[in-house]
Amino acid sequence: MAQFIGSGAAANRPGAFVYRGPNDDPDLSKAVGELLESSSRKFTVQYVGPDNITADSLKSVKVFAFPGGPDVDDSWEELKPVAQDIRDFVANGGRYLGFCLGAYLAGDSPGLALLPNGTQISPESDERGAQVKDDRDTMIQVNWSFSSGANAGKTAENRWVYFQEGSVVKNFVENSTNHVLARYSSTGHVAATLNKYGEGWVGTTGPHPEANQLCQFAPVPAIRNNADDDTVDVVNLSATDGLQFDIGHDLIEATMSGGKDVKKLPSSGPTNGTDSKLVESSGSRSRNPLGRLFRR
């Protein structure tokens with residue numbers, strides 16, 4: 001049964017489905033739901049399982065969000081019977097948001113195949129020079145290009161974000177409808193993406209910008225002097241940059257606006273371990289003429 005959150009004025013807010021499978025940790029979906037509710041669009045959130053997802057039910061919402069979770073294969077078995085309904089929802093102008101596990105499931109091995117053809121999804125922790133080399137709950141640094149909010153037009157460099165075996169997106173070819181929103185600071189690999197699918201849009205992130213109390217006591221990797229060193233020393237620090245949700249809200253707005261004002265985020269050399277900072281984005285503004293038309 002779907003769980004409805006909000007009342008009263010919520011009837012005038014856009015609707016959002018957040019997936020919560022029968023065996024999922026409710027805290028993970030709740031973190032995504034609270035991020036949507038606290039965004040500038042102030043979504044009315046419903047937590048749904050596979051039995052609640054139909055072509056008709058999806059007509060009542062603007063976005064379908066898939067949170068983090070334990071296992072790609074198990075989650076895909078749950079989602080596979082309703083996969084075509086979700087694809088059709090996005091193709092007809094809906095929005096998909098994938099956080100960590102949800103990013104993996106936006107791919108096609110296995111998954112919903114919502115990413116551009118040829119794109120591959122794999123764990124960043126398996127990559128050479130990765131800041132985190134295992135599957136523990138921890139923090140990682142990213143460079144994020146803001147397109148909305150108070151930091152619009154700026155890039156957050158070396159921002160610490162909650163991370164647990166998050167994805168890297170490979171072979172993601174940037175163009176007027178495929179955008180890189182974030183890169184891992186240590187490798188320059190793609191950490192968050194936005195792409196058009198049919199008449200809709202798909203936003204994904206490997207790290208967890210929605211994390212709240214879940215990341216408060218996560219350890220942070222110490223600075224590694226040698227990028228080829230596979231060992232990771234850990235210092236017992238809490239969320240270094242505090243619990244900030246501006247990145248998560250920017251992901252939502254970039255996805256809902258269809259890439260409006262998204263700027264190209266250039267790749268850079270390894271910078272993990274340095275202080276977080278905001279800099280003016282140097283990339284050119286997206287010239288996607290459809291961005292304004294598909295604002296939902």
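Is Arg-183 buried or exposed in this structure, and what is its relative accessible area? In this predicted model, Arg-183 is buried, because its relative accessible area of 12% falls under the 20% cut-off for that class. Arg-183 also takes part in a salt bridge, and a search of the whole structure finds nine such salt bridges, some of which are described below.

**The network around Arg-183**

- Arg-183 is paired with Glu-174 in a salt bridge whose closest N and O atoms lie 3.5 Å apart.
- Glu-174 has a relative accessibility of 27% and therefore counts as partly exposed, since that class lies between the cut-offs of 20% and 50%.
- Lys-264 belongs to this picture as well, for Glu-174, Arg-183 and Lys-264 are linked in a network of salt bridges.

**A link between distant parts of the chain**

- Arg-41 forms a salt bridge with Glu-253, and the closest N and O atoms of this pair are 2.8 Å apart.
- The pair connects distant parts of the chain, with the two positions 212 residues apart in numbering: Arg-41 sits in the loop between α1 (26-38) and β3 (44-48), while Glu-253 belongs to helix α6, which covers residues 246-256.
- Both partners in this salt bridge, Arg-41 and Glu-253, are buried.

**A pair at Asp-134 and Arg-136**

- Asp-134 and Arg-136 form a salt bridge in which the closest N and O atoms are separated by 2.8 Å.
- Asp-134 counts as partly exposed, because its relative accessibility is 29%, a value that lies between the 20% and 50% cut-offs.

Methods. Residues are numbered from 1 along each chain as its sequence is written. This is a predicted model: local features need pLDDT of at least 70, side-chain atom pairs count only at pLDDT 80 or more; totals for chains, interfaces and linings use all residues. Side-chain values use heavy atoms; hydrogens and water are left out. A salt bridge is a side-chain nitrogen of Lys or Arg within 4 Å of a carboxyl oxygen of Asp or Glu. Helices (H or I, at least four residues) and strands (E, at least two) are DSSP runs, numbered from the N terminus. Buried means under 20% relative accessible area, exposed over 50%, partly exposed in between (1.4 Å probe, protein chains only).
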